[in-house]
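Below is a short report on one protein chain. Please keep the sequence and the model open while reading.

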Amino acid sequence: MIDADRVLRPLREAEPAIDRLDSYESPAVLTEALRATWQAVERTLRTLLRSDATAPDDIRLTAMSPDQMSTDTVLTELRRRELISLALAGRVHELRQALQRADRGEVRASDADIAEDIVRTLTAEVHGIARRSVSPPKQAAAKAAPAAGDETDWDEADVVGYRGGLSLPRRPLVLAALAVVLLAIAIVAVLLLGGESEMERGVAAFREDRHAAAEQHFRATLADDEDNNTARLYLARILREDGRTEEAAQLLRAAATTAPDDAAVRRELGYLLLDQNLPERAAEQFRRAVELDAEEPLNWVGLVEALSRSGDPLAEEWLRRAPAEAQEMVRQRRSGSSLP
């Protein structure tokens, strides 16, 4: 169970700084407010990951240490467990970039808006997770066994992949107790043997290049959660590589509507437009991706590729400005490798 009060404690302690996002009187004051807000947001995210009882020990043990786990890894693990939305993860990246600019003396008034939006969204999502982590059916089962003909509905938060109920006949109390014990054993078996979500199965299949199976799992995820942008992105990638560009475009338009400032969405849109031989429009999407996440090499690689295909002479200038890793990736692609 997620304790929202404990997870959100860093934000509460940073309230004076967060208040200055509205009341700052100089760029220097705003920069300090952004820094304090960023530190509180990052610690809140780390605490949320630490609080996830389903995470492996190596994740939980290092979640609070920036030296052992980067912020990007924290966001990746939180998204993998669907503890934060894709839109929130994108906004966190924006705040980090805003603080980096502010430290260079390039603070903007809109940076305060980004920070305030993150604080509101993170607070709301943590409270939502805390509510979902409560298990009323399990609490009820602990109090009394169901009556004859009754059904106990088990939520996915309790038994992942299990739905249905248990009918207990009218028997002496000892039989009812035995049935509860057997049920507990069955629950443990389900958790240990079949506890992966459709999303997790899809990611595993995708990484193993089993795209047909991955597609089924991602579609099942979207059937239960139609606004799951991570599933949309994976599925759109599969469809694009399979040549089903129109269906991929529909998914990406929906993703862009839900999370217009997510660099991953913009990057995948860029690749789709390149596949459709629209390099000028693709360059617009990649340029936006670079603005949103300049630390991701693939954003730069896509932009250089799109500009090159459109014959834009600025392609080489963008390549010179790109991080070293992106420059190396471009050289590899130009030597014969394909786009991701």
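The report covers the chain as a whole, then selected helices, a pocket and some backbone angles.

This is a predicted model, in which local features need pLDDT of at least 70 and side-chain atom pairs count only at pLDDT 80 or more, while totals for chains, interfaces and linings use all residues. Residues are numbered from 1 along each chain as its sequence is written, and side-chain values use heavy atoms, with hydrogens and water left out.

**The chain**

The protein chain has 19 helices and 0 strands; helices (H or I, at least four residues) and strands (E, at least two) are DSSP runs, numbered from the N terminus. Of its 340 residues, 44% count as buried. Buried means under 20% relative accessible area, exposed over 50%, and partly exposed in between, with a 1.4 Å probe and protein chains only. The exposed surface of the protein chain is about 17900 Å², and carbon and sulfur atoms supply 51% of that area (Shrake-Rupley method, 1.4 Å probe; for residues, only the protein chains shown count as cover). Among contacts between residues at least 6 apart in sequence, 54% join residues at least 24 apart; contact means heavy atoms within 4.5 Å.

**Helix H17**

H17 spans residues 297-309 and reaches 18 Å from its first C-alpha to its last, close to the 18 Å expected for 13 residues at 1.5 Å a residue. The expected span is 1.5 Å times one less than the number of residues. Because 10 of its 13 residues are buried, H17 is largely enclosed by the rest of the structure. The buried residues include Trp300, Val301 and Leu303, and the buried residues of H17 pack against H15 (263-275), H16 (279-292), H18 (315-321) and H19 (324-334). At the start of H17, a side-chain oxygen of Glu296 comes to within 3.0 Å of the backbone nitrogen of Leu298. Just after H17, Gly311 has a positive phi of about 75°.

**Helix H6 and Thr230**

In H6, the buried residues are Thr71, Val74, Leu75, Glu77, Leu78 and Arg79. They pack against H4 (27-50), H5 (57-62), H7 and H13. Thr230 is found in H13 and is buried, with a relative accessible area of 14%. Leaving aside neighbours within four places in sequence, Thr230 is in contact with Arg79, Leu86 and Met199.

**The second largest pocket**

This pocket has a volume of about 1100 Å³. Of the 33 residues that line it, the closest to its centre are Leu86, Leu233, Tyr234, Ala264 and Arg267. H6 (71-80), H7 (86-103), H11 (198-207), H13 (229-241), H15 and H17 each give two or more residues to the lining. On a 1 Å grid over the protein atoms alone, a pocket is an open set of points with protein on both sides within 12 Å along at least five of seven lines, and lining residues have an atom within 4 Å of a point. Its volume is the space filled by probe spheres set on the points, which are joined across faces, edges and corners.

**Positive phi outside glycine**

Most residues other than glycine have a negative phi. Two loop residues with a positive phi are listed here.

| Residue | Phi | Loop | Relative accessible area |
|---|---|---|---|
| Asp209 | about 65° | between H11 and H12 (211-224) | 62%, exposed |
| Asn277 | near 60° | between H15 and H16 | 63%, exposed |

Glu82, which follows H6, also has a positive phi, near 55°.

Conventions
A polar contact is a pair of N or O atoms within 3.5 Å; within protein, one must be able to donate a hydrogen and the other to accept it, and residues adjacent in sequence count only if both atoms are side-chain atoms. On a 1 Å grid over the protein atoms alone, a cavity is a set of points where a 1.4 Å probe fits but cannot get out, and a pocket is an open set with protein on both sides within 12 Å along at least five of seven lines; lining residues have an atom within 4 Å of a point.
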